[in-house]
Amino acid sequence: MLLQPWIQDLASPDLSISSLNLSIRILKPEPLKLEPLKLGTETEEYQDALKLDPSNTLVILCDAAVVSPPLLNSSNPWATSEADLLSLYASPHTGAVTIRTSLWSAFSQHASTHQYTFFSPSLGHATSTVDTETYAEGRGEVRDGETSSLNTLGYSPNSFEEYITMLVRLHTSGKLNSPTPKPFIVSVTGTADEVGRCYAYLSKTMSENEGLELMMEVNLSCPNIPSKPPPAYDATSLSEYISAIAKYRNESSGKLLHVGIKTPPYIYHGQFRSLLDALESSTSHEGGCPISFITATNTLGSCLVLAADGTPALGSATGEGIGGLAGDALHPLALGNVKTIRAMLNASPHASIRAISIIGIGGVRDASGYKRMAGVGASAVGIGTALGREGVSIFTKIARGLEETETDGP
Ligand SMILES: Cc1cc2nc3c(=O)[nH]c(=O)nc-3n(C[C@H](O)[C@H](O)[C@H](O)COP(=O)(O)O)c2cc1C
């Protein structure tokens, strides 16, 4: 039987923290001795802060979600199909499974214009061939040492509702009866209202399916949609999305969901400040800020990788082959983003903003990378490019590496 992830389900946003009747989720022994990511848990420090700042009484904080171990896949093409998701779920070293970003309508994908490749920045050009025959998108060949990636992909060819139908079917048929139950992080995007409707749908689905653990990650950072720049680069758009989520949360009679925002790599202070301003101003909504985690970062847009002959390595919707950069080449920027966001969250006058967790993503492919990401403030670490290159065994490799460093000492 799956254990219920939330500590407490509350119907009323008006209940104060002190009136909660909390129960503790019992976790199975973990393969990794790592501190799990706990969303919405009320630490003593946190409760004290709430007393000092009563405006921070939040509905979202009344339930807890646990990602244990705090290692998971990021939203990407290797988390598209049922087989992908089941294999990620079955790994004892993933604490949650993130699904590739979906929309209410399935994204129309073409192998000639939606592609990815792996490459080595030190070589300077791409060498791998892109397979446009076997998959709906062009998938890059894995070659030794090519540990960065560029992609011109959009979103999943499966719709949001198809994914939820799939999860409910897997849940009711007992296929999620793993010894290590874990949440699914459903990555969504679309207009602010569409994202709000995803919230309502997920909340209802969780209420109707006891034991199915769901969270929502709002992808506001895909760099590859020609008509739509990443909303998380724009303060007004960010606030619009956060407000829509708060509105649907407040109207929803279903279970409360933990919601995260997937951010793009920010490169100057004003961009970080806009994120914090949007989060802080959302504390004035009835029920408070609806965001409990930030996933940083997505790929860095406007990047171009050429083949040896000087032509773009990838096809793209614009024909220029410009896309999102990830893997090794993104790692320093991702570390800088996680460190900066963590510091700014910690400095917030609002306890609910300080309580936001970060899932750190960008160029992690071994235990050392995991430790660097955790060291700068990530409460959980996500893997994209390295999952594409190495498959689900990447999680075993990182777990073993962490165990070894634990045994050997620092
Ligand atoms: C081929 C590819 C496709 C991706 N698709 C998505 C996506 O659909 N949604 C999303 O939020 N992020 C997407 N990402 C971004 C990754 O989830 C991740 O944030 C980024 O690649 C940085 O992590 P990494 O360096 O471990 O790859 C994609 C990344 C890659 C490489």
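Two residues are in contact here if their C-beta atoms, placed from the backbone, lie within 7 Å. Keep that cut-off in mind for Leu212: leaving aside neighbours within four places in sequence, Leu212 is in contact with Leu167, Val168, His171, Thr205 and Met206. The model you are looking at is predicted, and Leu212 makes a friendly place to start a tour of it. Leu212 sits in the loop between helix H4 (192-208) and strand S10 (214-219). Is this loop residue buried or exposed? Leu212 has 24 other C-beta atoms within 10 Å, and a residue counts as buried at 20 or more, so Leu212 is buried. One more distance helps to place this loop: the C-alpha atoms of Leu212 and Lys182 are separated by 8.8 Å, although their positions lie 30 residues apart along the chain.

Now step back to the whole chain. The secondary structure comes to eleven helices and 16 strands. Of the 410 residues, 51% count as buried. If you take the contacts between residues at least 6 apart in sequence, 77% of them join residues at least 24 apart.

Next come the sheets. Strands of a sheet pair through backbone hydrogen bonds, either parallel or antiparallel. This chain gives you an example of each kind. The parallel example is an open sheet of eight strands, in the order S3-S16-S15-S12-S11-S10-S9-S4. Strand S3 (71-73) and S4 stand at its edges with a single partner strand each, so one side of each is left without a neighbour in the sheet. Neighbouring strands of this sheet are turned by 25 degrees against each other on average, with direction ignored. For a look at one pairing in detail, go to strand S15 (residues 357-361) and strand S16 (residues 380-383), which run parallel and are joined by three bridges. There, Ile359 stands opposite Ala380 in S16.

The antiparallel example is an open sheet of four strands, ordered S5-S8-S14-S13. Its edge strands are S5 and S13, each of which pairs on one side only. From one strand to the next, the twist averages 40 degrees. S5 and S8 pair over four bridges in the antiparallel sense, and Phe118 has Ser149 as its bridge partner in S8.

What covers the two faces of strand S5? In a regular strand the side chains alternate between the two faces of the sheet. Strand S5 (residues 116-119) has Tyr116 and Phe118 on one side and Thr117 and Phe119 on the other, and all of these are buried, so both faces are covered.

At the other edge of this sheet, Ser302 lies in strand S13. Ser302 has a phi near 65 degrees, a positive value in a residue other than glycine. With 9 C-beta neighbours inside 10 Å, Ser302 counts as exposed.

Two peptide bonds are also worth a look if you check backbone geometry. The bond from Ser68 to Pro69 is cis, with omega near 0 degrees, and Pro69 is found in the loop between strand S2 (65-67) and S3. A cis peptide bond also joins Ala296 and Thr297, with omega at about 10 degrees. Thr297 belongs to the loop between strand S12 (293-296) and strand S13 (300-304).

Among the helices, consider H5 and H6. The axes of helix H5 (residues 235-251) and helix H6 (residues 269-281) come within 9 Å and cross at roughly 30 degrees. The crossing is right-handed. On the H5 side the contact is made by Ala235, Leu238, Ser239 and Ile242, and on the H6 side by Ser274, Leu275, Asp277, Ala278 and Ser281. By class, this contact has five nonpolar, three polar and one charged residues.

The tour ends at the ligand. Which residues come nearest to it? Of the 27 residues around the ligand, these are Ser74, Asn151, Ala326, Gly384 and Thr385. Strand S4 (97-102), strand S8 (148-151), strand S14 (322-327) and helix H10 (385-390) each supply at least two residues of the shell. Two of these strands, S8 and S14, are already familiar from the four-strand sheet, while S4 appeared as an edge of the eight-strand sheet. By class, the shell divides into ten nonpolar, 15 polar and two charged residues.

Conventions. Residues numbered from 1 in each chain as written. Predicted model: local features only at pLDDT ≥ 70, side-chain atom pairs only at ≥ 80, totals over all residues. Near = placed C-beta within 6 Å. Nonpolar A, V, L, I, M, F, W, Y, C, P; charged D, E, K, R; others polar. Axes fitted to C-alpha atoms, helices over the stretch in contact; angles between N-to-C directions. Left-handed = near helix turned anticlockwise from the far one by under 90°. Pairing = 2+ DSSP bridges. Buried ≥ 20, exposed ≤ 12 C-beta atoms within 10 Å, placed from the backbone.
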